[in-house]
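Here is an informal walk through one protein chain, from its overall build down to a few individual residues. Have the sequence and the model open as you read.

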Amino acid sequence: MATLGLIGSGHIGKTLARLAVDGGLDVVLSNSRGPETLADLAADLGPRARAATAAEAAAAGDWVVVTIPLVAYTRVEREPLAGKTVIDTMNYYPERDGRFEGLDDGTTTSSELFQQHLGASAHVVKAFNNIFFRHLAALGRPAGADDRTALPIAGDDADAKRHATELLGILGYDAVDAGPLAKGRLFQPGTPAYGAPYAQDKDAPFAQQDAGPAPAALVREFLARAGD
Ligand SMILES: NC(=O)c1ccc[n+]([C@@H]2O[C@H](COP(=O)([O-])OP(=O)(O)OC[C@H]3O[C@@H](n4cnc5c(N)ncnc54)[C@H](OP(=O)(O)O)[C@@H]3O)[C@@H](O)[C@H]2O)c1
């Protein structure tokens, strides 16, 4: 059975863990404080889930999702992620993360910084960053469902993007390939594709609304609105 490793088990980590268990994956959870603080969550998720250190979750995962505040990205250990598909959900919020010059002036993106930190042997794919966790919990559907939702992905390695697309499929989502990691800027905070596609009213603040499905064609439209 394939395993999803999670570095970070907060709003998004927990939500992905539930979707993964429901999709038949084993899950290894981790956070910054240690596995004992995740015992209740692991028990809730059932026998497919266990808690471990971040390095153990990284080593165990066929895919490893890093879902922590961006400010902590340099604390992610490189060695256990070598050769892995690493899914990056992180967003840059200066009020939470502090200022990053290259992000403020637009010369780079948060996922490119993370890729540089990990080095070329890890293959970073940006995904799940543009959907509110409550909407992520609600919109997963089996492949082929009329109301199946799509999420954008970006990455520099084609095999890793295929691998990430496979994970999205298991979790109940289609993928829309937005291009290389640098194109992650098309669905980062502040863009049209950030949050809004997955709300019922796609023109109103997304976090105050119930979830509404977003098929691939609609997600492409939202990405195009960000321009190049
Ligand atoms: N919330 C959303 O709807 C949403 C949607 C899309 C993307 N995002 C982005 O996804 C990321 C996670 O968001 P979230 O809302 O899930 O955050 P959160 O609820 O605050 O959870 C953060 C998790 O990261 C863990 N963590 C922090 N530093 C760590 C480290 N060095 N090693 C291992 N684990 C560490 C925390 O563990 P401890 O509690 O033990 O420190 C916690 O489990 C953020 O970058 C956010 O911007 C969030």
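For 228 residues, a compact globule would have a radius of gyration near 17 Å, and the chain comes in at 16 Å, which agrees. Keep in mind that this is a predicted model. Measured out along its principal axes, the C-alpha trace spans about 45 × 40 × 35 Å. In terms of secondary structure, you're looking at nine helices and eight strands.

How much of the chain counts as buried? The figure is 52% of the 228 residues. Take the contacts with a separation of 6 or more: residues 24 or more positions apart account for 63% of them. On the outside, the chain exposes about 10,100 Å², with carbon and sulfur atoms supplying 50% of that. As for charge, there are 21 positive and 29 negative ones, and their mean positions sit 1 Å apart.

Now for helix 9, residues 216-225. Its buried residues include Val219, Phe222 and Leu223. They cover an arc of only 100° around the axis, so they end up on the same side of the helix. That fits a general rule: an α-helix has 3.6 residues a turn, so residues three or four places apart point the same way. Strand 7 (149-155) and strand 8 (173-177) are among the elements covering the buried residues of helix 9. Flip to the face turned away from the buried side and you'll find the exposed residues Ala217, Ala224 and Arg225.

Two residues have a positive phi worth a look:

| Residue | Phi |
|---|---|
| Phe128 | about 65° |
| Gly227 | about 75° |

Gly227 comes just after helix 9. Phe128 has its positive phi although it is not a glycine. Where does Phe128 lie? You'll find Phe128 in the loop between strand 6 (123-126) and helix 7 (133-139). Is Phe128 buried or exposed? With a relative accessible area of 1%, Phe128 is buried, because the cut-off for that label is under 20%.

Last stop is Thr15, which is part of helix 1 (residues 11-22). At 9% relative accessible area, Thr15 also counts as buried. Which residues does Thr15 touch, leaving out those up to four places away in sequence? They are Phe133, Leu136 and Ala137. Thr15 and Leu167 make another pair to check: they are 152 residues apart in sequence, and their C-alpha atoms are 14 Å apart in space.

Key: Residues are numbered from 1 along each chain as its sequence is written. This is a predicted model: local features need pLDDT of at least 70, side-chain atom pairs count only at pLDDT 80 or more; totals for chains, interfaces and linings use all residues. Side-chain values use heavy atoms; hydrogens and water are left out. Helices (H or I, at least four residues) and strands (E, at least two) are DSSP runs, numbered from the N terminus. The radius of gyration is taken over C-alpha atoms; the globule rule is 2.2 Å times the number of residues to the power 0.38. Buried means under 20% relative accessible area, exposed over 50%, partly exposed in between (1.4 Å probe, protein chains only). Contact means heavy atoms within 4.5 Å. Accessible areas come from the Shrake-Rupley method with a 1.4 Å probe; for residues, only the protein chains shown count as cover. Lys and Arg count as positive and Asp and Glu as negative; His and the chain ends are not counted. The place of a charge is taken as NZ of Lys, CZ of Arg, CG of Asp or CD of Glu. The arc is that of the directions from the helix axis to the C-beta atoms.
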